[in-house]
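Here's a quick briefing to read with the structure open beside you. Have a look at the fold, then work through the points by topic.

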Amino acid sequence: MNISTISFDGDMTLWDFLEVMRHSLKQTLLEMQERVPTQRVTELTIDEMIWIRNQYADEVKGKIWNLEEIRMGAFERTLEHVGYPDKNLAAHLNTIYRKHRFEDIELYPDVIPTFNVLAQHFKLGLLSNGNTYPERCGLEDRFDFVVFSQDVQVEKPDPKIFEVATQQAGCEFSQLLHVGDSLENDVAGAKNVGAPSVWLNRERISNNTDIQPDYEITTLEEILAILGL
Ligand SMILES: [Mg+2]
């Protein structure tokens, strides 16, 4: 390998998105249950809220790219679902959600120590289908390039988003090592363009797909050994 650049996925690779998302929805649900007088809101669950959001995201796929706009629409849908449509209340809920979503996010403990070593040898980048910008999680000034699908309107595993990354980094696909937790988006996406890939498998799940990463690790620090550091 002749690697000059490492791109990282964000959600579930550098921070626990699912935890902060569920925590933020919980705060929003409590507020909704305070303000909405219907019976149905008392039975609403976080899993249902996630389901409503994902349904809505599927419906507007390719039409609305901005994830915060999708979240806002999902709160409007959720209020309709509990029999209390109210756009102003949806906006209020969205504000509460955003506050927790962006203020309560925490990096995995292996991120900063690993970046401290890698940054001495490689260009580092963030390549995300999400919407946690580096300054929202203490990673400002840590990346040489940052690519978000909602900004470039193409998402992993599409080769075009990897093209944007290598253009910004000024490297070839073969010089880019991409690291992420998703076999479908990160590993397959990198393979599509001929970039080597590292599958970060924090939960040690078994790979039941036919997508084979070049490397598999369970903590970020293991990248150092792969790169001979
Ligand atoms: Mg991920």
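Start with what "buried" means here: a residue is buried if 20 or more other C-beta atoms lie within 10 Å of its own. Keep in mind that this is a predicted model. With that in hand, β2 (123–128) is a good place to begin: K123, G125 and L127 on one side, and L124, L126 and S128 on the other, are all buried, so both faces of the strand are covered.

**The β2 strand and its neighbours**
- Six of the six residues of β2 are buried, so the rest of the structure largely encloses this strand.
- β2 pairs with β1 in the parallel sense, over four bridges.
- Within that pairing, T5 has K123 of β2 as its bridge partner.
- β2 is also joined to β3 (residues 145–148) by four bridges, and these two strands run parallel as well.
- Here G125 stands opposite F145 in β3.

**Helix α6**
- Which residues of α6 (residues 111–118) are buried? They are V111, T114 and L118.
- Those buried residues cover an arc of only 75 degrees around the axis, which puts them on the same side of α6.
- Turn to the face pointing away from that buried side and you'll find the exposed residues P113 and N116.
- As for packing partners, the buried residues of α6 sit against β1 (5–8), β2 (123–128) and α10 (222–226).

**The nonpolar core**
- The largest nonpolar core has 47 residues, and I6, A165 and V179 are the ones with the most contacts inside it.
- Helix α1 (residues 17–35) gives the most to this core, with five residues.
- Both domains chip in: the core draws at least three residues from each of domain 1 (5–16 + 107–226) and domain 2 (17–103).
- Zooming in on V179, its contacts are I6, F8, D9, T13, V198, L200 and I223, leaving out residues up to four places away in sequence.

**How the domains meet**
- The chain splits into domain 1 (5–16 + 107–226) and domain 2 (17–103).
- Taken over C-alpha atoms, the centres of domain 1 and domain 2 are 28 Å apart.
- Where the two touch, nine residues of domain 1 are in contact with nine residues of domain 2.
- On the domain 1 side of that contact, the residues divide into two nonpolar, four polar and three charged.

How values were computed:
Residues numbered from 1 in each chain as written. Predicted model: local features only at pLDDT ≥ 70, side-chain atom pairs only at ≥ 80, totals over all residues. Buried ≥ 20, exposed ≤ 12 C-beta atoms within 10 Å, placed from the backbone. Arc of directions from axis to C-beta. Contact = placed C-beta atoms within 7 Å. Domains from an automatic or database assignment. Nonpolar A, V, L, I, M, F, W, Y, C, P; charged D, E, K, R; others polar. Core = buried A, V, L, I, M, F, W, Y, C linked by C-beta atoms within 7 Å. Pairing = 2+ DSSP bridges.
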